[in-house]
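Colleague: Got a minute? I'd like to walk through this model with you.
Modeller: Sure, let's have a look.

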Amino acid sequence: MQIRPAAALTGALIGMSALFLPTATATATAQATGQTHHHTVTVAHRGASAYAPENTLAAVDAADDLGIDWVENDVQRTSDGELIVMHDTTLNRTTDVEQVFPDRAPWNISDFTLDEIEKLDAGSWFGAEFQGETVPTLEEYMDRVSDNHQKLLLELKAPELYPGIERQTLRELRREGWLDHRHKRRLIIQSFSADSVRSVHRLRPDLKTGFLGTPAVADLPEYAEFSDQINPSYKTIDAGYVAAVRAVDGAHGKPLEVYTWTVNDGPSAVSVAGMGVNGIITNKPDVIRDALDDAS
């Protein structure tokens, strides 16, 4: 049994000058997602990655310790066909792979077996207290999210490198019980690849999906055929763009949602919430949640 490290709990008391009242649509979204702190959903990016090594079980637990319901992760595939959770397509930034396998540059995930990856330390780079933290398999990750009663925004990372990963991921989610009626309401699958999102929608049209990026307004109806969300960088949007997205009905006949990333300070969070976004993806979910609560 893995011991959960205590998350570093940091509060943020941020003075706000403007108050934002939730619209009826935003209120409905809040009720549907179970968000209780504010009408804008707070999503822990790669887990609470400001307080624990990203995309590890420790980061999932850190989000849980902060009272954050939603976590985001990245799914990729090893050389022997196993699904793991990691952001970069290479192993060297967030593990000690250069020390363990010095002759294997450029250390692509797709060049290593699961057994080899499980030998790596994925925590020490972040802090000594996380020494020995491992790269989780998708199965291990889903078990922890389930144990914590959390919800998941799952990104298929670089799917062009892993043909068929959409079907494989769905198969794994089904084995873990995440495609039943109760669980699938706690799941969103997203990608920067429109083809990948389209494939997920084709295979499981009952699931909620998101496209990562900022498509032109004229192209939104095309994306709406297979997406329920348009999830752009917060630096690429304004209130007019958010309104244009929300004016289009998505794949399930409801207005497209907007989950924006990666917002790590309170004033920026309040600003984008005022644009009408539905969710904010952040490394510091407690800071964002508290800022939105103070402003509401």
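Colleague: Is Arg202 buried or exposed?
Modeller: Keep in mind that this is a predicted model. Arg202 counts as exposed, because its relative accessibility is 58% and the cut-off for exposed is over 50%.

Colleague: Where does Arg202 lie?
Modeller: In helix α7. Arg202 also helps form a positive surface patch, together with Arg167, Arg171 and Arg174.

Colleague: Which helix gives the largest share of that positive patch?
Modeller: Helix α6, with three residues.

Colleague: And which residues of α6 are buried?
Modeller: Helix α6 covers residues 165-175, and its buried residues are Ile165, Glu166, Gln168, Thr169, Leu170, Glu172 and Leu173.

Colleague: Why would residues a few places apart in a helix point the same way?
Modeller: An α-helix has 3.6 residues a turn, so residues three or four places apart point the same way.

Colleague: OK. What covers the buried residues of α6?
Modeller: Several elements do. Among them are the strands β2, β3, β4 and β5. The helices α5 and α7 are included as well.

Colleague: What comes after α6?
Modeller: Gly177 follows α6, and its phi is positive, near 85°.

Colleague: Switching charge. Which residues gather in the negative patch?
Modeller: Asp80, Glu82, Glu118, Glu139, Glu140, Asp143 and Asp147 gather there, on the surface.

Colleague: Pick Glu139. Where is Glu139 placed?
Modeller: In helix α5, which spans residues 138-147. Glu139 counts as partly exposed, because its relative accessibility is 41%.

Colleague: New topic. Which residues does the cis bond with omega of about 10° join?
Modeller: Ala105 and Pro106. Pro106 sits in the loop between α3 and α4. There is also a cis peptide bond from Trp261 to Thr262, with omega near -25°. Thr262 is in the loop between β8 and α10.

Colleague: What is usual for phi and peptide bonds?
Modeller: Most residues other than glycine have a negative phi, and most peptide bonds are trans.

Colleague: What is the phi of Arg46, then?
Modeller: Near 55°, a positive value in a residue other than glycine. Asn55 has a positive phi too, of about 60°. Arg46 is in the loop between β1 and α2, and Asn55 is found in the loop between β1 and α2 as well.

Colleague: Why does Asn55 count as buried?
Modeller: Because its relative accessible area is 2%, and buried means under 20%. Arg46 is buried as well, with 13%.

Colleague: Last one. How many helices and strands are in the chain?
Modeller: Eleven helices and nine strands. Buried residues make up 55% of the 296 residues.

Notes: Residues are numbered from 1 along each chain as its sequence is written. This is a predicted model: local features need pLDDT of at least 70, side-chain atom pairs count only at pLDDT 80 or more; totals for chains, interfaces and linings use all residues. Side-chain values use heavy atoms; hydrogens and water are left out. Patches are made of residues with over 30% relative accessible area and no salt bridge: like charges are joined within 9 Å, nonpolar side chains (Val, Leu, Ile, Met, Phe, Trp, Tyr) within 5 Å. Accessible areas come from the Shrake-Rupley method with a 1.4 Å probe; for residues, only the protein chains shown count as cover. A salt bridge is a side-chain nitrogen of Lys or Arg within 4 Å of a carboxyl oxygen of Asp or Glu. Lys and Arg count as positive and Asp and Glu as negative; His and the chain ends are not counted. The place of a charge is taken as NZ of Lys, CZ of Arg, CG of Asp or CD of Glu. Helices (H or I, at least four residues) and strands (E, at least two) are DSSP runs, numbered from the N terminus. Buried means under 20% relative accessible area, exposed over 50%, partly exposed in between (1.4 Å probe, protein chains only). Contact means heavy atoms within 4.5 Å.
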